[in-house]
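Student: Can we go through this one together? I'd like to start with a loop and then move on to the charged pairs.

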Amino acid sequence: MLSGKRIILGVTGGIAAYKAVFLLREFQKAGAEVRVTMTPSATHFVGSETFASLSGHDVAIDIFPEEEEATEWTRHINWGEWADLFVIAPCTGNTLAKIANGISDNMLTATVLAARSPILICPTMDGEMYESPSVTQNLKKVADFGYHILEPESGFLASGLEGKGRLPEIGSILDKASEIIGSIKGPLEGKKVLVTAGPTREFIDPVRFISNPSSGKMGFAMAAAAQRLGAEVTLIHGPVSLETPEGVVATSIISAQDLYESVQQKADADIVIMAAAVSDFTPAQTFEHKVKKDHGVDDMQLKATTDILSWLGKNKKAGQTIIGFAMETENLIENARTKLIRKNADWIIGNSLTKKDAGFESDTNHVHLLGEETEQEFEGTKAEIAERLLKYIFG
Ligand code: CTP
């Protein structure tokens with residue numbers, strides 16, 4: 001259940017902070033990606049370096065850290081958007097009181113306000129604290145906000161007292177986290193999504209072909225994002241060197257004609273995303289054997305391939321959403337809008353090849369989403385953009 005999920009682990013300043021190290025490990029063993037935010041007090045119990053090296057990410061502590069870049073102060077917003085679940089374990093009475101009152105004076109509490117995911121609070125306290133009227137009231141308040149609470153266990157406490165306040169066993173926290181994640185319904189739940197990605201190859205002879213520099217990264221990111229948002233995803237891709245995203249069923253093809261035939265078989269999908277960089281032309285004649293240099297070829301006839309997106313547009317099913325891409329080097333918006341209309345797509349995602357850090361092989365992108373009455377810009381890593389695009393369209 002936790003495999004492939006993104007968890008923010010919030011650690012506050014209680015003695016059980018050391019147990020959060022094991023919790024992080026168990027989340028990772030279950031296949032989750034974890035980022036850690038700590039309150040400044042938590043760093044008295046466990047060094048942030050421990051969490052940083054285990055999670056592979058910087059640990060967010062202060063909103064305005066002196067040594068970091070000024071842009072980093074928006075990290076709580078990015079993390080809040082990134083996460084599938086925010087687990088605060090251990091959560092002290094102080095942080096609980098802040099959360100109950102919307103106070104956001106450190107990265108952890110600010111991320112609570114920015115979080116779009118469910119929040120699981122594991123309160124831990126010593127002595128009579130857990131039973132105090134203010135903690136009781138604050139717990140009720142956060143439960144009313146819709147946050148999940150995993151009650152502490154009774155037993156031997158750090159003060160030497162016996163009472164209710166111990167962090168539950170790691171297994172219980174994992175079970176609760178799985179239960180919460182399992183109950184989340186993504187906006188694409190129950191939808192069949194077909195994504196095409198990567199280049200096609202149009203062979204001239206057995207060793208030469210016409211193609212383009214598409215890496216497939218944007219299409220793979222779209223497939224991964226659709227899967228994360230609950231869809232059943234089929235990915236048809238040309239020759240790329242990328243790993244199939246977890247949970248996605250992938251088929252590989254070579255030529256534009258292969259892609260066309262493969263898309264026709266899956267064209268009953270609820271959503272089709274044509275991210276493939278399909279070759280517009282293919283050689284009119286292919287040679288069975290390698291064309292030897294000395295024989296030469298004076299000219300080469302090309303014929304047009306089928307425009308698959310246009311075919312989909314013409315054969316659109318009731319209720320189906322068709323999303324195309326437009327790769328342009330000039331007049332991006334104008335050309336992309338023409339493709340939207342001409343190909344009868346519902347949305348076109350326009351890429352400009354002339355923008356820095358965008359386009360074919362880059363990990364980042366800058367795109368314009370065009371709908372009948374919409375024009376919206378998205379910038380970031382291809383993974384971030386893919387998720388934002390799908391949430392914008394279907395969220
Ligand atoms: N496309 C397609 N079949 C083709 C060519 C393109 O389905 N034979 C799809 C692409 O997957 C993309 C969209 O059409 O979703 C636009 O592709 P693009 O290469 O930008 O435009 P073209 O239609 O090829 O037009 P042009 O080359 O004139 O820009």
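Tutor: Start with Ile 15, which lies in the loop between S1 and helix H1 (17–29). Keep in mind that this is a predicted model.

Student: Which residues make a nonpolar surface patch with Ile 15?

Tutor: Tyr 18, Phe 22 and Phe 45 join Ile 15 in a nonpolar surface patch of about 430 Å².

Student: OK, charges now. How many salt bridges are there?

Tutor: The count comes to 15 salt bridges. One of them pairs Arg 6 with Glu 387, where the closest N and O atoms are 3.2 Å apart.

Student: Where do Arg 6 and Glu 387 lie?

Tutor: Arg 6 lies in strand S1 (residues 6–11) and Glu 387 in helix H12 (residues 382–394), so this salt bridge ties together parts that are 381 residues apart in sequence.

Student: Are Arg 6 and Glu 387 buried or exposed?

Tutor: Both Arg 6 and Glu 387 are buried. For Glu 387 the relative accessible area is 8%.

Student: What else does Glu 387 form a salt bridge with?

Tutor: Lys 391, and the closest N and O atoms of that pair are 3.2 Å apart. Glu 387 and Lys 391 both lie in helix H12, 4 residues apart, or about one turn of the helix.

Student: Why does that spacing suit a pair within a helix?

Tutor: An α-helix has 3.6 residues a turn, so residues three or four places apart point the same way.

Student: And Lys 391, buried or exposed?

Tutor: In between: Lys 391 counts as partly exposed because its relative accessibility is 28%.

Student: Which residues are in the network with Glu 387 and Lys 391?

Tutor: Salt bridges link Arg 6, Asp 84 and Arg 228 with Glu 387 and Lys 391 in a network.

Student: What about Lys 176 and Glu 179?

Tutor: They form a salt bridge too, with the closest N and O atoms 3.6 Å apart. Both residues lie in helix H7 (residues 170–182), 3 residues apart.

Student: How do Lys 176 and Glu 179 come out on burial?

Tutor: Lys 176 counts as buried at 19% relative accessibility, just under the 20% cut-off. Glu 179 counts as exposed at 51%, where exposed means over 50%.

Student: Switching topic. Which residues of helix H9 are buried?

Tutor: H9 covers residues 256–265, and its buried residues include Ala 256, Leu 259, Tyr 260, Ser 262 and Val 263.

Student: What covers them?

Tutor: The cover includes strands S8 (192–197), S9 (202–205), S11 (232–237) and S13 (271–274), along with helix H10 (308–314).

Note on methods: Residues are numbered from 1 along each chain as its sequence is written. This is a predicted model: local features need pLDDT of at least 70, side-chain atom pairs count only at pLDDT 80 or more; totals for chains, interfaces and linings use all residues. Side-chain values use heavy atoms; hydrogens and water are left out. A salt bridge is a side-chain nitrogen of Lys or Arg within 4 Å of a carboxyl oxygen of Asp or Glu. Helices (H or I, at least four residues) and strands (E, at least two) are DSSP runs, numbered from the N terminus. Buried means under 20% relative accessible area, exposed over 50%, partly exposed in between (1.4 Å probe, protein chains only). Patches are made of residues with over 30% relative accessible area and no salt bridge: like charges are joined within 9 Å, nonpolar side chains (Val, Leu, Ile, Met, Phe, Trp, Tyr) within 5 Å. Accessible areas come from the Shrake-Rupley method with a 1.4 Å probe; for residues, only the protein chains shown count as cover. Contact means heavy atoms within 4.5 Å.
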